[in-house]
Amino acid sequence: YLRNKSVPNHRQTFWYLFGGLALFFFIVQVLTGILLLLYYKPTPETAYESVKYIIEEVPFGNVVRAVHVWSAHFMVGAVSIHMFSVFFMKAYRKPREGIWLSGFLLLMLTLGFGFTGYLLPWDTTAFFATQIGTEIPRSIPLLGELVALLLRGGTEVNGETLTRLFALHVAILPLIALLILGGHLLLNQVHGTSRPIGIRELGPPIPFFPTFVRRDWITWLVASVVLIVTAAMVSWGIGPKANPFSSAPVGIRPEWYFWFLYQTLKIVPPQLFSLSGELIVNVVIIVGGLAWWMVPFLDRKASEERNSPLFAGLGLVVLGYLLVMTLWAGISW
């Protein structure tokens, strides 16, 4: 079956590698996560001490934890690049709508992994960043308060929050991710790799096995070297243990993949058109995300094998917004 599959041969073929790269980092996450679970204890009394034990006492524990954290960052980057490459190459057009829909859900789950894993070390930065992060949904009417309550297990971040985020991080989200990932890969095998509209072929299609699989393996090998070198040279430390009764330290900020949201919330006035600025930002982000998810059904030209300058322009606007806000947040912080 794999021998009969092929990949279009054109100047943009390089971008196809990022889907496999995201899968590689997910596998690394699972394997290193299992190793960390052998020592991690998810309670407020033991979480911090167990992470310190992993870093300081367990042989290669510091490296395994650093690989786990860095692969999470690389995975977010790989999934994001893969999504935008699929968008600009119109690979969401019929009959591949399901691949786009499941891929977007996988991106949301990837961000969910990052958010739920942030509190697990139970240090000061993680505690107060989670406090701020779980506060954001509360401005959303009807469901916002319920979402915050379900995440926290109460009105404030506490031991119940740690238990719930741990369960989401190691059990619920991985199970959902594996199910959606299985469907995503199956649809990709059934429908094959999309050929971009208007791109001139450089030659006959590339056999998926063994030619393109070999390229994937080379990419995985390079990614392994980069990941291990990064983890060895830039270890991931841990701050002071969380104290719920202390004040939040200066400069608390989320991981880089949430900077665009936090920077947007910073620049939008507290009150706008007699409404809460935070509410407006949340609603715009949610509506925009849903519209992005439904692109295969909105871009009718793509389904007719025609380029759609409007959607290409909208894609550039979204990409530009994310990059500008992220860089702005990085510089200002």
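**Salt bridges, burial and helix packing**

Reader: Why is the pair of E135 and R138 called a salt bridge?

Author: In this predicted model, the closest N and O atoms of E135 and R138 are 3.4 Å apart. A salt bridge requires the side-chain nitrogen of Lys or Arg to lie within 4 Å of a carboxyl oxygen of Asp or Glu. The value of 3.4 Å satisfies that limit, so the pair is a salt bridge. E135 and R138 also belong to a network of salt bridges that links them with E145 and R152. The search of the whole structure finds 7 salt bridges.

Reader: What makes E135 and R138 partly exposed?

Author: The relative accessibility is 34% for E135 and 31% for R138. Buried means under 20% and exposed means over 50%. Both values lie in between, and therefore both residues count as partly exposed.

Reader: How do you know that E49 forms a salt bridge with K241?

Author: The closest N and O atoms of E49 and K241 are 3.1 Å apart. The cut-off is 4 Å, so the pair meets the criterion. The pair links distant parts of the chain, 192 residues apart: E49 belongs to helix α2, whereas K241 is in the loop between α8 and α9. E49, at 37% relative accessibility, is partly exposed, and K241, at 33%, is likewise partly exposed.

Reader: Why does the pair of K90 and D299 tie together parts that are 209 residues apart in sequence?

Author: K90 forms a salt bridge with D299, with 3.4 Å between the closest N and O atoms. K90 lies in the loop between α3 and α4, and D299 in the loop between α11 and α12, so parts 209 residues apart in sequence are tied together. Both K90 and D299 are buried, that is, under 20% relative accessible area.

Reader: What puts the buried residues of helix α6 on the same side?

Author: G144, A148, L151 and R152 are the residues in question, and they are buried in α6. They cover an arc of only 90° around the axis, which is why they are on the same side of α6. As background, an α-helix has 3.6 residues a turn, so residues three or four places apart point the same way. The cover over the buried residues of α6 includes α4, α5 and α7. After α6 comes G153, with a positive phi near 75°.

Reader: How do you know that I172 and A248 are partly exposed?

Author: I172, in helix α7, has a relative accessible area of 42%. A248, in the loop between α8 and α9, has one of 44%. Partly exposed is the range between 20% and 50%, so both residues fall into that class. The C-alpha atoms of A248 and F127 are 9.0 Å apart, with these positions 121 residues apart along the chain.

Reader: What makes F260, L261, T264 and L265 in α9 meet residues of α10?

Author: Contact means heavy atoms within 4.5 Å, and on that criterion these residues of α9 meet E278, V281 and I285 in α10. The residues of this contact divide into 5 nonpolar, 1 polar and 1 charged. The two helices pack at an angle of about 145°, their axes being 9 Å apart. The crossing of α9 and α10 is right-handed.

Key
Residues are numbered from 1 along each chain as its sequence is written. This is a predicted model: local features need pLDDT of at least 70, side-chain atom pairs count only at pLDDT 80 or more; totals for chains, interfaces and linings use all residues. Side-chain values use heavy atoms; hydrogens and water are left out. Axes are lines fitted to C-alpha atoms, for helices over the stretch in contact, and angles run from 0 to 180 degrees between N-to-C directions. Helices (H or I, at least four residues) and strands (E, at least two) are DSSP runs, numbered from the N terminus. A crossing is left-handed if the near helix is turned anticlockwise from the far one by less than a right angle, and right-handed if clockwise. Ala, Val, Leu, Ile, Met, Phe, Trp, Tyr, Cys and Pro count as nonpolar, Asp, Glu, Lys and Arg as charged, and the others, Gly among them, as polar. Buried means under 20% relative accessible area, exposed over 50%, partly exposed in between (1.4 Å probe, protein chains only). The arc is that of the directions from the helix axis to the C-beta atoms.
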